[in-house]
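Thanks for sharing this one. Here are a few points I would like to go through with you, with the structure open beside us.

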Amino acid sequence: MKKFVMAALGGTLAGVVATTQFVGPLLAQESARSTSVYEQLDLFGDIFERIRAQYVEEVDEAELVEAAINGMLTSLDPHSSYLSPDDAQNMRVQTRGEFGGLGIEVTQEEGFVKVVSPIDGTPADEAGIEAGDFITHVDGESVLGLNLDEAVDLMRGPVGSEIIITVVREDMPEPFDVSIIRDTIKLTAVRTRTEGDTVVLRVTTFNDQTFPNLEEGLAEQVEAAGGIDKVNGFVLDLRNNPGGLLTQAIRVSDAFLEKGEIVSTRGRNPVDGDRYNATEGDLAEGKPIVVLINGGSASASEIVAGALQDHRRAIVVGTKSFGKGSVQTVMPLRGDGAMRLTTARYYTPSGRSIQALGVSPDIVVEQPRVTPNEEEDEEGTTRATRSEADLRGRLNNDSLTEDEIRQIEEDREKAEAAAALREEDYQLAYAIDILKGLSALGPND
């Protein structure tokens, strides 16, 4: 027993010595680092006093401090920033689904403002702003050299006022101006409709309304179709969806998954990571799903697309998504302000990060800019097509009943409607065609 106690004491003493020898240099390093930090803070104070006393014009001290705070945050990454009390209030309003502005989600790239996506039905969308556009000037004033918040401030203004933004677009030879009238942006988080036998769920943003809108709209469309057996599948359209609330992305993913991981987040400290799993219940009742994405699909949209893709619950169609794989936490500050700080990266169920890479679609389908409506001959005139049914004196079809002929004509009308949709929205038509093909391969009743 004495030997055991001595061995234990010896081990404890050895541990103390080893720890002391290890911590000693660390304490010295921490002390040196603290001294360096305090010296830098003294330097900041000196510069602040010089600006306040000697700058050519009188400055607002509060604005100087806010600018310094924002500069510190924006130096970290494009998504961290300081929110003044007004900005913090605006952000809280946006997550509820109604705010004033142009209706675009933006980020910063190479000193310019880059459009992540226009929001459906907003002034920017109606003016033709596209995902990937660069905004170089606002009302003739260059945004180069401004941080993102400053550039956004230039674009704000009273509802009903005009703003002229200068846009650089990849496939356009020269920059061009776009006039937009500011308006109150009322976001409809989810729009639903039925195309043929397919229910289309258009999700424009992830705010507090998203999952309730999705659940309600899906149920209405299924009921209108005559029940889930009359539906061949669902298209979840996430194109030009800039993201939003992580909680809503999880709920939308969970709506179509019965089990398994949806997304995980990992912060600087491993113990701060979170994992979110699906619960039982599938709103689509196992029907096939096609998810549509493009370069304007970001953040929460990518969480949903990545989760459904990794679980093989959906076929992802379109073009590569934006690639924002980080999580921002909004932290209230004294004085009613707040800071938006990147606190974690998120990972899809397979463990992949989409940061700067995006979600790659299973089937790449570009959206043609212009598709001719009808075939034209060499002179550019429409060439009419004729069939046997147009010939005078043709023989009648004697193998079908009137009801069978009527059914064929109805099927043809549906096919023609699908063809018309290709002219309007080729990617959506492609997604619907996939679901038609899958239903055609299903078991016969």
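The points below move from a run of strands to a helix and then to two single residues.

1. A word on the source: this is a predicted model, so please read every value here as computed from it.

2. I would start with strands β3 and β4. Strand β3 covers residues 104–109 and pairs with β4 in the antiparallel sense, over six bridges. The two strands form a hairpin with two residues between them. In that turn, glutamate 110 has a positive phi of about 55°, so have a look at the backbone there if you have a moment. To find the register, go to isoleucine 104, which stands opposite proline 118 in β4.

3. Strand β4 also has a partner in β5 (residues 134–138): the two run antiparallel and are joined by two bridges. Here valine 113 stands opposite isoleucine 135 in β5. As for exposure, β4 (residues 112–118) is mostly covered, with six of its seven residues buried.

4. Next, helix α5, which spans residues 148–155 and has Leu148, Asp149, Ala151 and Met155 as its buried residues. These lie on the same side of α5, because the arc they cover around the axis is only 160°. What do the buried residues of α5 pack against? Their partners are α2 (61–74), β1 (81–83), β3, β4, β5 and β7 (162–168), which ties this helix to the strands of points 2 and 3.

5. The N-terminal end of α5 is capped by asparagine 147. A side-chain oxygen of this residue lies 2.8 Å from the backbone nitrogen of glutamate 150.

6. Aspartate 254, in helix α7 (residues 246–254), may be worth a look. This residue is buried yet has no salt bridge. Which side chain of opposite charge is nearest to aspartate 254? That is arginine 251, 7.2 Å away, whereas a salt bridge needs the charged atoms within 4 Å. Beyond its neighbours within four places in sequence, aspartate 254 is in contact with Ile262, Ala278, Thr279 and Gly281.

7. Last, leucine 435, found in helix α10 (residues 426–440). Is leucine 435 buried or exposed? Its relative accessible area is 0%, so leucine 435 counts as buried. Leaving aside neighbours within four places in sequence, its contacts include Thr198, Asn232, Phe234, Pro288 and Val290. Leucine 435 and lysine 287 are 148 residues apart in sequence, and their C-alpha atoms are 9.4 Å apart in space.

Notes: Residues numbered from 1 in each chain as written. Predicted model: local features only at pLDDT ≥ 70, side-chain atom pairs only at ≥ 80, totals over all residues. Heavy atoms only, no water. Helix = DSSP H or I, 4+ residues; strand = E, 2+ residues; numbered from the N terminus. Buried < 20%, exposed > 50% of the residue type's maximum accessible area, 1.4 Å probe, protein only. Lys, Arg positive; Asp, Glu negative; His and termini not counted. Contact = heavy atoms within 4.5 Å. Pairing = 2+ DSSP bridges. Arc of directions from axis to C-beta. Polar contact = N/O pair within 3.5 Å; in protein donor to acceptor, adjacent residues only side chain to side chain.
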